[in-house]
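Me: I have a model open and want to learn how to read it. Can we go through it feature by feature?

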Amino acid sequence: MAIGAFVDGPAGGAGYNGRVTSFVVLSCIVAGSGGILFGYDLGISGGVTSMESFLKKFFPDVYHQMKGDSHVSNYCRFDSELLTVFTSSLYIAGLVATLFASSVTTKYGRRASILIGGSVFIAGSVFGGAAVNVYMLLINRILLGIGLGFTNQSIPLYLSEMAPPQYRGAINNGFELCISIGILIANLINYGVAKIEGGWGWRISLSMAAVPAAFLTIGAIFLPETPSFLIQRDGNVDQAKMMLQRLRGTTGVQKELDDLVTASNISRTIKNPYRNILKKKYRPQLVIALLIPFFNQVTGINVINFYAPVMFRTIGLKESASLMSAVVTRLCATAANIVAMIVVDRFGRRKLLLVGGVQMILSQFTVGAVLAVKFKDHGVMEKEYAYLVLVIMCVFVAGFAWSWGPLTYLVPTEICPLEIRSAGQSVVIAVIFLVTFLIGQTFLAMLCHLKFGTFFLFGGWVCVMTMFVFFFLPETKQLPMEQMEQVWRGHWFWKRIVGEEEEEQEAGQTQTAPGTIALSTTPHNN
């Protein structure tokens with residue numbers, strides 16, 4: 001998988017000819033629609049589960065608790081195993097689908113996985129909009145999860161392989177921006193349809209997920225396959241060269257083509273990348289590929305993504321105000337995503353992660369303190385303090401959106417060498433889906449039992465992850481991927497684990513794997 005996806009020339013692709021062409025722009029649009037699709041789903045579930053008409057039809061016990069059962073704690077009004085299964089079932093389906101998508105993407109291409117994912121997502125949207133019972137809702141969530149499992153696995157690969165190397169970083173963060181835009185669109189739709197008389201507005205929210213999915217699916221039909229996959233599939237270097245020339249808008253692509261062929265040859269020597277990543281010399285990459293996405297989720301960000309309206313209703317805001325509050329927090333996140341795209345290569349990864357971590361720590365602890373003092377088991381929080389919580393949540397999502405949000409996808413990609421990069425990416429995606437499922441399944445129960453302590457728990461996790469970045473994550477800003485190994489050998493901790501591997505690598509490079517493709521002897525037209 002991802003053969004040649006991240007083979008950069010020196011200094012981020014210097015030495016490669018070409019410009020941003022219509023093919024590259026089109027690939028970005030398709031990827032953006034995939035991000036909007038993912039974000040829309042994140043935002044829509046929390047909105048509909050705060051709508052009274054939706055709860056009354058599918059979750060009547062929660063509806064009666066919310067309407068004022070005096071014996072139920074404010075923190076427990078939305079605590080329902082069935083409600084959490086509805087929200088989080090998508091992510092366990094996505095986890096399983098991602099494992100299958102990996103082999104489909106490798107064998108049949110990135111476009112094939114995008115088409116499968118988009119089509120299944122459309123089918124899931126139909127079940128959601130037409131739901132008459134909880135079982136149809138669960139089918140809706142499972143199908144959406146399968147679709148996202150395929151699209152989230154294949155779209156980042158497609159983007160990386162189609163984009164000019166010098167623009168990969170910005171495109172990577174742009175995908176996170178599109179996720180944020182998708183959440184914002186979902187929140188706005190929820191806010192609008194909640195006002196529809198008759199209580200059927202939630203059907204619009206659920207069925208509208210088909211719109212970005214249809215755009216993604218139709219767009220993928222007309223997209224070309226990536227040059228990397230063309231070489232990996234059947235070794236057709238001439239076809240890959242023609243595609244590169246169309247993508248880059250120049251005939252001088254021989255240097256990039258040679259790098260793709262070399263990367264393909266290296267990948268053919270790796271029979272089992274998942275077993276390879278377990279080797280001791282890759283221990284830093286494996287640890288970071290596991291912990292970065294895990295830490296991403298235990299910040300509590302997905303509590304905001306799909307439980308924000310529920311949470312704001314819990315502290316006393318009305319249905320309309322709670323939905324608009326979710327819109328406000330997402331506007332802050334979207335603005336912060338744009339900031340991240342501008343400054344990530346200027347200030348570096350570590351600084352953004354550390355500053356964002358401190359910002360989230362202060363936010364979570366402050367929200368916990370306000371709830372501890374002003375929000376009891378019974379009664380309503382004063383409106384001024386409810387809006388104070390909203391402001392603090394805006395600070396929290398902004399801190400996440402310019403640090404851990406986009407960098408969760410970027411950092412593991414940068415640090416993994418080519419021979420384990422596809423396996424590392426799969427690990428990242430699988431961890432995100434698994435932990436998102438666990439958080440979604442347990443948050444409402446945690447809120448009920450830990451009450452305001454839930455936010456201190458998340459704040460504690462942010463402390464741990466910020467310390468991890470400070471001590472164990474080296475800076476990778478503007479460092480060519482080919483030189484990334486020196487980061488670990490110069491790090492105070494990882495150098496003790498990595499050890500010396502030059503002799504083994506040199507010995508391996510002197511042997512040619514069966515089925516390798518010969519490099520062209522044509523002079524570079526650079």
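Reply: Start with the inventory. The chain has 25 helices and 0 strands. Keep in mind that this is a predicted model.

Me: How many residues does the chain have, and what percentage count as buried?

Reply: There are 526 residues, and 58% of them count as buried. Look at the contacts too. Take those with a separation of 6 or more: 82% of them join residues 24 or more positions apart.

Me: Now helix pairs. What describes two packed helices?

Reply: Two values do the job: the angle between the axes and the distance between the axes. Try helix 15 (residues 283-298) with helix 22 (residues 453-472). Their angle is about 150°, and the axes lie 9 Å apart.

Me: Is that pair roughly parallel or roughly antiparallel?

Reply: Angles over 145 degrees count as roughly antiparallel. Helix 15 is therefore roughly antiparallel to helix 22. The crossing of the two is left-handed.

Me: Which residues meet where helix 15 contacts helix 22?

Reply: Helix 15 brings Val287, Ile288, Leu291, Phe294, Phe295 and Val298. Across from them, helix 22 offers Phe458, Trp461, Val464, Met465 and Phe468. Sort this contact by class and you get 11 nonpolar residues, with no polar and no charged ones.

Me: Give me a second pair to practise on.

Reply: Take helix 6 (residues 110-129) and helix 7. They pack at about 155°, with axes 7 Å apart.

Me: What does that angle say about the directions of helix 6 and helix 7?

Reply: Apply the cut-off again. Helix 6 and helix 7 are roughly antiparallel, because angles over 145 degrees fall in that class. Their crossing is left-handed.

Me: How many nonpolar, polar and charged residues are in the contact of helix 6 with helix 7?

Reply: This contact has 16 nonpolar, 10 polar and 2 charged residues.

Me: Next, charges. How many salt bridges does a search of the whole structure find?

Reply: The search finds 1 salt bridge. It pairs the side chains of aspartate 41 and arginine 141, at 3.0 Å from N to O.

Me: Where in the chain do aspartate 41 and arginine 141 sit?

Reply: Aspartate 41 is in helix 2 (residues 22-48), and arginine 141 is in helix 7 (residues 134-162). They are 100 residues apart, so the pair links distant parts of the chain.

Me: Are aspartate 41 and arginine 141 buried or exposed?

Reply: Check the relative accessible area: under 20% counts as buried. Both aspartate 41 and arginine 141 are buried.

Methods. Residues numbered from 1 in each chain as written. Predicted model: local features only at pLDDT ≥ 70, side-chain atom pairs only at ≥ 80, totals over all residues. Heavy atoms only, no water. Axes fitted to C-alpha atoms, helices over the stretch in contact; angles between N-to-C directions. Helix = DSSP H or I, 4+ residues; strand = E, 2+ residues; numbered from the N terminus. Parallel < 35°, antiparallel > 145°, perpendicular 65-115°, else oblique. Left-handed = near helix turned anticlockwise from the far one by under 90°. Contact = heavy atoms within 4.5 Å. Nonpolar A, V, L, I, M, F, W, Y, C, P; charged D, E, K, R; others polar. Salt bridge = Lys/Arg side-chain N within 4 Å of Asp/Glu carboxyl O. Buried < 20%, exposed > 50% of the residue type's maximum accessible area, 1.4 Å probe, protein only.
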